[in-house]
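Good morning, colleagues. I should like to take a few minutes on charged side chains, one helix and one pocket.

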Amino acid sequence: MSPSVQGFYSTPDNKWKALSHSSVEISPNLRLTDESHQIVEGFGGCFNELGYIALAHLNEEQRKQVFHSLFHPEGEHKFTICRLPIGASDYAEQWYSHNEVDGDTAMEHFSIERDFKYLIPYIKEALTYNPDLKLFASPWSPPTWMKTPKAYNYGTLRWEKDILEAYALYFVKFVQAYQEAGITIHQIHVQNEVIADQKFPSCKWTGEELREFIADYLGPAFERHELDTEIWLGTINAPDPWEELIKKESNDFDEYAGLVLSDPKAYSYIKGVGYQWAGKNAIQRTVASYPELRYMQTENECGDGNNTWLYAKYVYNLYQHYFTNGVNAYIYWNMLLEPKGRSTWGWEQNSMITVDPADASVTLNPEYYVMKHFAYAVAPGARREGLAGAWSGKAVAFRNPDESLVIVINNPYQESRDLNLAYGQQTLGFELVPESFNTIIISP
């Protein structure tokens, strides 16, 4: 019995069009190996205040279409795991934390009241489309009074016992408060971008500090309060290796994941590792050293607000790199923004969807389709399969729980190229048009 084959391609001028195929008598240039790798948990994006503000420009029908496409199990992306900030991210309307009462180490004044303005309605609306959506959260900055200097941007956590105990309690209170609001937080990642010392909300950590905080404060606090929420070592943004050489310092696997995970007490609390940005340089060594853990690409690199096809080709390579090196989930950054995606601190960034407040128009950007080419057909529980051949450096293969095979592949070149895929006893031929992303679904 012949398999059922579906294919879709997207180019700058044609999005999600049918990709035809035929049986060919020619040597394959892509084939499956007998290797099976990690299980896929899913795809998602980040709930941010500026995204919810952009949504407000849409009418009810447009809004339904956006949420259905992103979150519904029968939508185009079927998101299953998403991120939210603890306090303000750099894409908040304004900077804030959940407790700015100086010296309140007992967290008596802890409050998520601010989140009821944007984040909680945003998340709850998404949950109506997918009640099983999982959530992970991380702070961009602790409360300012816990930091040196006393500010949301730049600086470090004050390394004092009462502050560390209070900050662990801050995480506990956050999980509990969201639970009371009807939202389950499934994972906590200790710090967004642990080596970022930036003009936006940030807080720099060393590997030694992460190890001590998780082992001696956060892990025990979650145990005492009987929280089921997982603790993840994330989000790590190890810098570019060339930057390390210039600064004559290293912040790679050895200084973060390797250092923390080799400590038995810290390791006992950690369920996974989250990498983003230049963390891509450390993912391979981490997975090789600790294959029993779970991994996530936690923030898609954000571009410059122009949403070009050229940048989408770069982003495709990020998906391919991270999945090939072992992640279980891939998380986009801003799902939707206003034109140019300008933050409150001046950075313009890409988004999957642009909403123009001038006419309430919705634009599906190139990275919307990069995500769709993966998330549309790769189901939670899929297992990544090994590939070999000339196309294997541009492709990723997944075997879904229903045994269907999904191959996502790009042709970055300016001319058409032939893909000859070995499947069973036959070779399937596809013409990959120039500058295209392609998804092939084969059902037995």
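**Salt bridges, helix α4 and the second largest pocket**

Arg-342 is exposed, with a relative accessible area of 52%. Please bear in mind throughout that the model is a predicted one. The partner of Arg-342 is Glu-348, and their side chains meet in a salt bridge at 3.7 Å, N to O. Glu-348 counts as partly exposed, since its relative accessibility is 24% and that class lies between 20% and 50%.

How many salt bridges does the structure hold? The count is 19. As a general point, side chains of opposite charge can pair when their charged atoms come close.

Let me turn to two pairs that lie within helices. In helix α2, which covers residues 60-71, Glu-60 and Lys-64 are 4 residues apart, or about one turn of the helix. Their side chains form a salt bridge, with 3.5 Å from N to O. Glu-60 is exposed at 60% relative accessible area, while Lys-64 is partly exposed at 39%.

The second pair belongs to helix α4, residues 161-180, where Lys-161 and Glu-165 are likewise 4 residues apart and separated by about one helical turn. The closest N and O atoms of this salt bridge are 2.4 Å apart. Here Lys-161 is exposed, with a relative accessible area of 54%, and Glu-165 is partly exposed, with 39%. Why might such spacing suit a pair? An α-helix has 3.6 residues a turn, so residues three or four places apart point the same way.

Beyond these pairs, there is also a network of salt bridges, which links Glu-49, Glu-93, Arg-114 and Lys-117.

I now stay with α4 itself. Its 20 residues, at 1.5 Å a residue, should span 28 Å, and the end C-alpha atoms are 29 Å apart, in agreement with that expectation. After α4 comes Gly-182, which has a positive phi, near 90 degrees.

Helix α4 also brings us to the second largest pocket, whose volume is about 340 Å³. Which residues are the closest to its centre? Of the 19 that line this pocket, they are Lys-134, Thr-184, Ile-185, His-186 and Gln-187. At least two lining residues come from each of β7 (134-139) and α4, and α4 gives the largest share, 3 residues. By character, the lining divides into 6 nonpolar, 7 polar and 6 charged residues.

Thank you for your attention; I welcome your comments.

Technical notes
Residues are numbered from 1 along each chain as its sequence is written. This is a predicted model: local features need pLDDT of at least 70, side-chain atom pairs count only at pLDDT 80 or more; totals for chains, interfaces and linings use all residues. Side-chain values use heavy atoms; hydrogens and water are left out. A salt bridge is a side-chain nitrogen of Lys or Arg within 4 Å of a carboxyl oxygen of Asp or Glu. Buried means under 20% relative accessible area, exposed over 50%, partly exposed in between (1.4 Å probe, protein chains only). The expected span of a helix is 1.5 Å times one less than its number of residues. On a 1 Å grid over the protein atoms alone, a cavity is a set of points where a 1.4 Å probe fits but cannot get out, and a pocket is an open set with protein on both sides within 12 Å along at least five of seven lines; lining residues have an atom within 4 Å of a point. Grid points are joined across faces, edges and corners, and a volume is the space filled by probe spheres set on the points. Ala, Val, Leu, Ile, Met, Phe, Trp, Tyr, Cys and Pro count as nonpolar, Asp, Glu, Lys and Arg as charged, and the others, Gly among them, as polar.
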